[in-house]
Amino acid sequence: MLLLAIDTSANASTALLRSRGTVIEVLGSCTSERGNDHSEVLASAIESLLADASGQRPEAIAVGVGPGPFTGLRVGLATARTLGFAWDVPVHGVVSLDAIALEAAADNPETDFVVAIDARRKELYWARYSSSGLLMDGPHVSVAEELPALPVYGAGAGLYAERLVASGATVVAEFADAHPGAVALGTRALRALASGEALEGTEPLYLRESDAKVPAVMKGKLL
Amino acid sequence: MSLSAPLVLGIESSCDETGVGIVRGTELLVNAVASSMEEHVRFGGVIPEIASRAHLDAFVPTLSAALKEAGVSLAQIDAIAVTSGPGLSGALMVGVSAAKALALATGKPLYGINHLVAHVGVGVLDGGALPENLGALLVSGGHTEILQVNSLTSDVRLLGATIDDAAGEAYDKVARLLGLGYPGGPVIDALAKEGDPKAIRFPRGLTLPKFIGTAQEPGKHRHDFSFSGLKTAVARCVEQYQKRGEEVPVADIAASFQEAVVDVITAKAVRACTEHGLNNLLLGGGVAANSRLRELLAARCASAGITLRVPPRNLCTDNGAMVAALGSQLVSAGVAPTGLGFSTDSGQPVSLVSLLA
Ligand SMILES: [Zn+2]
């Protein structure tokens, strides 16, 4: 199966993967260095991936549903949903943290572990995984102190290393600046599809309400 | 592709309307719009994050409905146009990302176009080619501008604009002050009919000689608008009635506020047109539906010898058909498409009718 993977929960990232049985081949990938240019670079990056694969149309799309900063996250979701509609192919959602969890599990952790990325406003997006990389709890958004006392993988660990260690967690140094990437995300999706495991829909995991406040005057109070 | 009547799909997401329109040349095939307006009611104004979330959910269903209603397949489309700005940046990004994905999937040329100029371009769907010596007055919740349209596809100039709130925004804020709900435009317009527009003399923004100057030596804000002082004046006025323990004359305030807004908008638009030799004026934007604005503008245009053109209401509010209409004019004029590599521009100037590749 030819799969296009997209994740914009951190940097804009896209990959084209092919699976034959259990063998997964990465045909190409591209990840932006900047965290704020998703809508600018994503479509062109996909276009060149497809051109390198001599224009074959993907048979499915996997997209990271977050959590991640809202505006960037929506760029990936809008792109994936629209491509799915135009190509008439299925679009599968994958929790973006799963991408880091897949790589973390390959590191053979001895216990459950946590994947955490920056959620801004001094908080982390995080989820707990089994040592084999199965999502056990989350994703959540909270301050560093609320994470379980386990090894923490991902850029969130690097960002709040001191506070995590102080509250009993450990920081996995090799993963301390890891962001969700489309290669791992696509690999996760292809493995799930091959094993008949159900994937998510494409509803974004915002985890936070919009910050809108109802003004006093709208509550029936004049001035 | 037919250069004279290209089949163009337009996408709009700059504020709270998710629009997909399809035109063939100057013929409107479909104008599908999903609005998140209801979700903003309890806040008394558009909340950007709520609008952006709604765009993401509404886009594919709106696109699908538009194609179905027009009986058109994506393969038949000649070009795609999308609002790249001005507007709310997070909202714009949803439409732009979707438009790029469509262009990528179909291989069709993509134009990133100016929302304000699209409000003018929509005019071709109602009465065909636009006249020469054209001015445009755009009034909505997001913008208040006077434009000089020398060429719809290559030469549009900004003559004047609001320096603070948009006119529609002032309506929303005053409606909130008066406890009238959201959106403010229709409810104030209706209530104003029961009130006396001369009851209270509210200030006309940027009309002092130091701002206006003369035709020969124009002041800094000769053709510009300001509505924030007016909003404050209404608040003070309401406050005074309350302090005195008197009933607030809501209808009189609504009528007087509306008169202040409409008086200054129409006077400035007509003066700008007259001084720039523009004897045609197109009215656009959501506030174009306001009855007093239409009435006074028609009267003042008639006395000044200006022919007024007002597209139907559903084409004046934000929609995808206006984006498609301008896109089709750009294709016909041979303007090069923008391609996939552009960014949204929340402050895109009117001189940038479409983004360059
Ligand atoms: Zn508009």
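How are the donor residues of the zinc ion spaced in sequence? In this predicted model, the spacing follows the pattern H-x3-H-x23-H-x174-D. The protein donors are His115(B), His119(B) and His143(B), each through NE2, together with Asp318(B) through OD. These atoms lie 2.1 to 2.4 Å from the zinc ion. The angles subtended by the four donor atoms run from 89 to 159°, and the arrangement is therefore irregular; a tetrahedral assignment would require all angles to lie between 85 and 135 degrees.

The pair His143(B) and Asp318(B) links distant parts of the chain, with their positions 175 residues apart in numbering. His143(B) belongs to the loop between strand E6 (134-139) and strand E7 (144-151) of chain B, whereas Asp318(B) sits in the loop between helix H11 (313-316) and helix H12 (320-332) of chain B. Both residues are buried.

Elsewhere in chain B, helix H3 (residues 89-106) contains Leu104(B). This leucine counts as buried because its relative accessibility is 12%, and the cut-off is under 20%. Beyond its neighbours within four places in sequence, Leu104(B) is in contact with Ala43(A), Ile46(A), Glu47(A), Leu50(A) and Leu83(A), and also with Leu340(B). The C-alpha atoms of Leu104(B) and Gly339(B) are 9.4 Å apart, although 235 residues separate the two in sequence.

In chain A, helix H3 (residues 97-105) is mostly covered, with eight of its nine residues buried. Among them are Leu97(A), Ile100(A) and Leu102(A). The elements covering these buried residues of H3(A) include strands E5 (91-94), E6 (113-118), E7 (124-129), E8 (135-142) and E9 (151-153), as well as helix H6 (182-194), of chain A.

How values were computed. Residues numbered from 1 in each chain as written. Chains lettered and ligands numbered in written order. Predicted model: local features only at pLDDT ≥ 70, side-chain atom pairs only at ≥ 80, totals over all residues. Heavy atoms only, no water. Donors = N, O, S within 2.8 Å, 3.2 Å for Na, K, Ca; no water. Tetrahedral: all angles 85-135°; square planar, octahedral: opposite > 155°, others 65-115°. Helix = DSSP H or I, 4+ residues; strand = E, 2+ residues; numbered from the N terminus. Buried < 20%, exposed > 50% of the residue type's maximum accessible area, 1.4 Å probe, protein only. Contact = heavy atoms within 4.5 Å.
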